[in-house]
Amino acid sequence: MKTLFFYGDIQPVQEGLILLQKKLSFTIESSGESIKLIQQEGNLHVIRREKKIQILYSEPAHLFRMLTRLLNDWENLSDYEEVPHFKKIGPMLDLSRNAVYSIDKIKQILLTCSTLGLNQLLLYMEDTYQIPEYPYFGYLRGAYSYQELKEIDDFGYNLGIEVIPAIQVLGHLKNPLKWNFSQEIRDTEEILLVNEEKTYQFLEKAIKAATKPFRSSHIHIGMDEAQQLGLGKSLEAHGFQNRFKLMNDHLTRVIEITNKLNLKPEMWSDMFFRLGSKTGDYYDEHSIITAEVISAMPDVSMVYWDYYHHEKAQYLQLLKKHQTLKKPIHFAGGIWIWNGIAPNYGKTIATTNAGLSACKEANIQSVYATLWGDDGAETPFDTALLGLQLFAEHQFNCSVSMDLLKKQFSLYQNESMESFLLLDQFDQTPGVSENNPHASAVSKLIFYQDPLIGLYDQTISPFHLHRHYEQLAKKLAHCTVTKNTTDLFTFYYSLAKLLAKKAVFGPRLREAYQTDSKELLPLLEKEAVCLIELTDHLHSIHKKIWFTSNKPFGWEILDIRYGGLISRLKTTTWRLNQWKAGEPIPELAETILPFDGPYKMPEGIIGRNLYQGIVSPSKLSDV
């Protein structure tokens, strides 16, 4: 551990240096190695002349990045300079898909962001912040209190990171709108009722509650993917209305509230493009937004979100289309930890390189990385660390090669890129196009698939995926990990072992039954018991990871899913005993068809689905 003494322009970074001591393994003493800090506009710069060290920085996060590099490369670093390309860059944490990160976890993320030179953090909270006047909003969901959000903001501020609340003021509100307080303000089950006065009374309380804990005057107001706008209670009361007008009417009322509170709002841009498209496609190059609609838009920044396209030219074209809105433009890419149970790094790297290269060319000054947690936040946050490094390197480099990323990931986070890219192989399997462009999620299909029903057996069988996962397990058993990522890689090693066995268990079971091969019963029973043990072991590791990083709320959903997997495997052993006794097993007598849904699958994908569409074709919960 090094002993350092800082002097010069220390006041803006003093608290941050204290916070970073443990993470960067240094102490601050007057007898320590002297480092002069000089705050000035311009690039990041370390100057080392014999025993004299200077760090030139324009803002705290940039200093902390330079200090991290200096400490981690102490023997070799002399002069080093970097040029930032964006004014604002950082992650958006999804705190609304059941995983509500603990305060300690968010502090850990903030520390990591500061050492990478990232200077903003958005907290995406659909209903996970408390509104005192509406106690059912965020009820039993782990919603953050005012004090918790203020603690996060204080910690981020001391590290030079602007923490920004990101909420929803139109759609994506299915969770809170299920409670009776919302009866008079909901249009559909997840969209608020536009032009209803009580809606805006609620929204003023919500916006006040979401922004009060933060120093920042910025707020992200959402308003994306509200395709059913005006088609619920509004339609019943007023008939069909021009939905461009509904969007602008609602946006105008929301901006009146943010103006009243001296806030600077930004919103997802997609609904205007969807309404202008004959197909409802956000990325439709033929989408038409009239000059009348554009002139009626109030002052708000537009966020172009895109983590799908793999070519720079596609982003440039869509950025140009956004410029027709005549509003400030932000860009949101993505680190694909919502692919399924494991991250999709092929798609993350391809889309990030293309998207951020386009943003540099188009002079976009604010970019962030979304980290969605679709379908229960099954993928732990720490799988995204390589993606955060990639975003950070785009901030300080014109382009980012894999060699550079590998070097920087090791230097700044002491982690192995090769190990993290093994996680990509859970879904980058035989049968899937390079970089998994269509987000195949076969590991999730195998994991949740029922052994007796086998919805995906016919679809998966041609690819002999048990061999793929056997090889992946061997690689994971010997990959490089750190103290911080040991549990993470233990989880994925255990998952690979389970998938290798489960990929063939269902088809083997069905074939044995349909050929009346009862001599295989002892082996099948043994395999079922092994799968129960592997699933129970995986459940224990996953639970440990969850409770280390998240509040307890939301884990009950994954607990139920694991419990269902184990229960169905136990039912399988029971059914095998019935077959041994001469009873028929109708579910194994069925001929399994290729899976056909939930939409037409393109070439280069085996399949993807949500939990409820994988486990059974029967209703999971409905009338």
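Trainee: Is Cys530 buried, exposed or partly exposed?
Mentor: Cys530 is partly exposed, with a relative accessible area of 24%, where buried means under 20% relative accessible area, exposed over 50%, and partly exposed in between, with a 1.4 Å probe and protein chains only. Bear in mind that this is a predicted model, in which local features need pLDDT of at least 70 and side-chain atom pairs count only at pLDDT 80 or more, while totals for chains, interfaces and linings use all residues. Residues are numbered from 1 along each chain as its sequence is written, and side-chain values use heavy atoms, with hydrogens and water left out.

Trainee: And how many disulfides does the structure hold?
Mentor: The structure holds zero disulfides, a disulfide being a pair of cysteine sulfur atoms within 2.5 Å. Cys113, for instance, has its closest cysteine sulfur in Cys359, and because the two sulfurs are 18 Å apart, they are too far for a bond. Cys113 is also buried, with a relative accessible area of 1%.

Trainee: Okay, the whole chain then. What is its radius of gyration, and what would a compact globule have?
Mentor: The protein chain has 26 Å, which agrees with the value near 25 Å for a compact globule of 623 residues; the radius is taken over C-alpha atoms, and the globule rule is 2.2 Å times the number of residues to the power 0.38. Along the principal axes, the C-alpha atoms fill a box of roughly 85 × 70 × 45 Å, and 60% of the 623 residues count as buried.

Trainee: What about secondary structure and long-range contacts?
Mentor: There are 23 helices and 14 strands in the protein chain, defined as DSSP runs numbered from the N terminus, with helices being H or I of at least four residues and strands being E of at least two. Among contacts with a separation of 6 or more, 76% come from residues 24 or more positions apart, where a contact means heavy atoms within 4.5 Å.

Trainee: How are the charges split?
Mentor: The chain carries 65 positive and 74 negative side chains, and the centres of the two sets lie 2 Å apart. Lys and Arg count as positive and Asp and Glu as negative, with His and the chain ends not counted, and each charge is placed at NZ of Lys, CZ of Arg, CG of Asp or CD of Glu.

Trainee: Switching to single residues, where does Leu476 lie, and what does it touch?
Mentor: Leu476 lies in helix H18, residues 465-477, and is buried, with a relative accessible area of 5%. Leaving aside residues up to four places away in sequence, Leu476 touches Leu422, Leu423, Phe426, Phe489, Tyr492, Tyr493 and Ala496.

Trainee: And His85, which residues does that one touch?
Mentor: His85 sits in the loop between strand S6 (80-82) and strand S7 (88-94) and is partly exposed, with a relative accessible area of 24%. Not counting residues up to four places away in sequence, the contacts of His85 include Lys360, Gln365, His394 and Gln395, as well as Phe396, Asn397 and Cys398.

Trainee: Any odd backbone geometry I should look at? Where is the cis peptide bond?
Mentor: A cis peptide bond joins Gly597 and Pro598, with omega about -5°, and Pro598 is in the loop between helix H22 (586-589) and helix H23 (611-615). Asn195 has a positive phi of about 65° although it is not a glycine, and Asn363 likewise has a positive phi, near 60°. Most residues other than glycine have a negative phi, and most peptide bonds are trans.

Trainee: Where do those two Asn residues lie?
Mentor: Asn195 lies in the loop between strand S9 (162-166) and helix H5 (197-211) and counts as partly exposed at 43% relative accessibility. Asn363 lies in the loop between helix H11 (345-361) and strand S14 (366-371) and counts as exposed at 56%.

Trainee: Last one, what does Glu587 touch?
Mentor: Glu587, in helix H22, touches Leu452, Ile453, Arg510 and Arg575, not counting residues up to four places away in sequence. Glu587 and Leu452 are 135 residues apart along the chain, and their C-alpha atoms are separated by 6.3 Å.
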